[in-house]
Structures are given as C-alpha cells and as structure tokens.
Amino acid sequence: MMQRPFTRLGGVAALLALVVGTTAGCTRKSDEAAGASTRKPDQVKIALVPGGAHPYFQPWKETGAKVKTDLGLGDVTFNETSDWDQTKQNDVLKSLAAQGYNAFGVFGVSPENINATFGDLKRQGHPAASLGSCPAGDVDKADFCLSTDVEQAAYKAAQAAIQAMDGQGNLVHLTGNKVDSNTQRRIAGVQKAVDETGGKVKLLQTLTDVDKDLQSAQKAVADLLAAKGTQIQGIVNTAYNPAVASADGVKQAKLPIKVIAIDDDQTILAGIRDGSVAGTVLQNPVGQASVGSYALMKLAGGCTMNRPGVAIDSGSFVVTKANVDSYDTERQAKTEELRKAFDSQYLSCK
C-alpha cells in the first residue's frame, strides 16, 4: 500500500458568494466542504504526515518546501510526531486541521485501521492521499494511494540477490514489522523469486521486526552472522535499517555474502561503489511527496479522481555498480511520468 471525490462548483461560485454574504457568518459544514473543493493554490495548505520518525521520510520534508514554492501553495508542513501510534497520528491530523491545513498526504501507522482516518478527513471536506503505504485490503477511502508496489520491489530485490549469488545457495530475508500488510507483501515477493529457481536457492530464514531502529538492526545482523554467516550466500533486505546494518556487518565480517539493500543511504551507495554491496532497490519518496502534493492541490481546486482510491505504483529501481552514479535520472523521469499520468489518466478537471 476509495470514495468521495470532490466536485467543482464552477458557475455557481458567484451565487455561493452571495449566499454566504447574506447569511452573515452562519456557515454550515456543508458550505465549508464545498468551499474546500474550489481553492486556489495559495489557499491550499498541505500536511505531509508519516507514521513517525524514519530516515525514509526525510525527503518528504525537503520536497514539501520545494513544492510549496514551485506550486505557489499556501503552505506545506511535515509532521513526524505520531511516534508510530495510530491514535497519536489521528490527534496530529486533527490538530493540523484545526490549524487550517486542508489537504493531507498520510503514511498510516496502521494499514488495517487507516481507512477510518481517511473517512474522517474526507467528511470534513479535505482531500486525502495515502502516501508510501496503501490501506490493507481492497478498499482505500483516501482519494488515491501513491506508494511503492512493495511486492514487486521485493521481487526485484530477490531476483538481484539471486543473480549476484550465481543462481544458487542460501538466501536470508531481512524485513520490517511482521503484522504490517506491506511486510507480508514483501515476504510474498521474495518467496516468488526463490520459487522460480526450482530449488536452486533456499530461503534459509526470514527475519521480521528488525527495522525499529539502526541499533536493533545491527544486533540482529550481528547475531545472524555469528550463528549462520558461513551458511549464507545472499541477504536481501526490504527494510531500511537492516539494509544499512547488513551492508556494514557483512563488510566488517569479511564474509563472501552478496547483499542487496533497499533505498540509498550513503553507507549502501559507498558499499556498491567499493563492491561490498551487490546492489540496492530504490523507492521514490521524492515522487510520492511532490506528485502527491500536486494531485492534492488539483483535488482541492475542484478536480475529481476518475477512480477514487486507485493504487498507483510510485516506482522501484534496481541499482548496481553499473548505474550507481546515474540512477537518479531514471527516478526523476518516473516522477515526471507520474505527474503527467495524473493529468492525463487519473484526474478529471473541468
């Protein structure tokens, strides 16, 4: 990781202004929601709200500031204070709405429960996007989900690891929270790639719940290498902290293990350049924040989603030594492609 698109008021805007003027401040909630659907860019205030602090989301903060200027928005704020607690995240969103923020890009703490949060935001007349993670199940009550297809990204990562292992041997998978639906999708993607080897590659172990912080990941990797290091030919990572930990841990242990990481931490990129890391699979957090904000602005201005709640892959990219110095060009091209797709495919604007 689908209802309630906004509608444009169009030609009745003048009539609405007259009605508001004659009611002398007696504004109904329905009027507020209607007004929200025709905001100009400088009236749109976007909140980008991840589930908590994590290195993956730092580009959202930088991108939000750039988007504010590029699109002429009223404001863009970044708030990571939810501390990975859904109740706290809901409180943060309520507080931001009370401060005048009127469009929301949210990475939900709980994929199983985040639809209730999106439903609340939409009832208040606020465009809402699920960014970086889609709700669990088949229903998304946000306007859209712009996220990595995590199963596909994990499949690519496992394929890259298997290729680096010369197509045979023992593979270990390091990933995040076991109960997260995204983790289960990642596990499925890795298993698919292993199954395609016809038994030449064995999935020796899947370690979940090792992405809480770097220290926990480092301990998990150290314990793994101490216990099974000589049995392992490859490690595939589908979570940020274990990727950094395994890249460093394998290098320090001087073991001939092929490591495929995730994302572009400097430790990982340096490892690819010096050969200690076989590769990484990058996601597109910049694209999520920039294109997500663009689409939220358009929705706030009266556009509607052609398919409310649609899930859109923000892209994943395999990086090896061959393209480690040029990969961002491909990612930027994907981001521009996504923006154009919203205009031509996903949005209806009158």
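What is the volume of the second largest pocket? In this predicted model, that pocket comes out at about 340 Å³. Let's start there and work through the other spaces, then into the packing.

The second largest pocket has 16 lining residues, and the ones nearest its centre are Thr-63, Lys-66, Val-286, Ser-290 and Thr-335. Helix 3, helix 11 and helix 12 each put at least two residues into the lining, with helix 12 giving the largest share at six. As for chemistry, you're looking at five nonpolar, five polar and six charged residues around this pocket.

Now for the largest pocket, with a volume of about 770 Å³. Its lining runs to 32 residues, and if you want to find the middle, head for Trp-84, Phe-107, Asn-177, Asp-180 and Asp-211, which lie nearest the centre. Two elements give two or more residues to this lining, namely helix 7 (181-195) and helix 9 (240-253). Helix 7 makes the largest contribution, and that is three residues. Sorted by class, the wall of the largest pocket holds twelve nonpolar, 13 polar and seven charged residues.

There is enclosed space too. The largest cavity has a volume of about 50 Å³. Helix 6 (residues 150-164) gives the most to its lining, four residues. Residues that line this cavity include Val-150, Ala-153, Ala-154 and Ala-157, along with Arg-186, Asn-237 and Gln-283. The class tally for the cavity lining is six nonpolar, four polar and one charged.

So much for the gaps; what about the packing? The largest nonpolar core has 33 residues, and the members touching the most others are Ile-46, Leu-48, Trp-60, Phe-144, Met-305 and Phe-342. Both strands and helices feed this core: at least two residues each come from strand 1 (45-49), helix 3 (58-71), strand 2 (75-78), strand 4 (128-131), strand 5 (144-147), helix 11 (285-300), strand 12 (310-313) and helix 12 (327-346). Helix 11 supplies the largest share, with eight residues. Helix 11 also turned up at the second largest pocket, as did helix 3 and helix 12.

Zoom in on Ile-46 for a moment. Setting aside neighbours within four places in sequence, Ile-46 is in contact with Leu-73, Asp-75, Val-76, Thr-77, Tyr-101, Ala-103, Ser-293 and Leu-296. Apart from this core there's another one, made of 30 residues, with Leu-174, Leu-225, Ala-247 and Phe-317 among them.

Technical notes
Residues are numbered from 1 along each chain as its sequence is written. This is a predicted model: local features need pLDDT of at least 70, side-chain atom pairs count only at pLDDT 80 or more; totals for chains, interfaces and linings use all residues. Side-chain values use heavy atoms; hydrogens and water are left out. On a 1 Å grid over the protein atoms alone, a cavity is a set of points where a 1.4 Å probe fits but cannot get out, and a pocket is an open set with protein on both sides within 12 Å along at least five of seven lines; lining residues have an atom within 4 Å of a point. Grid points are joined across faces, edges and corners, and a volume is the space filled by probe spheres set on the points. Ala, Val, Leu, Ile, Met, Phe, Trp, Tyr, Cys and Pro count as nonpolar, Asp, Glu, Lys and Arg as charged, and the others, Gly among them, as polar. A nonpolar core is a set of buried Ala, Val, Leu, Ile, Met, Phe, Trp, Tyr and Cys residues joined through side-chain atoms within 4.5 Å. Buried means under 20% relative accessible area, exposed over 50%, partly exposed in between (1.4 Å probe, protein chains only). Contact means heavy atoms within 4.5 Å.
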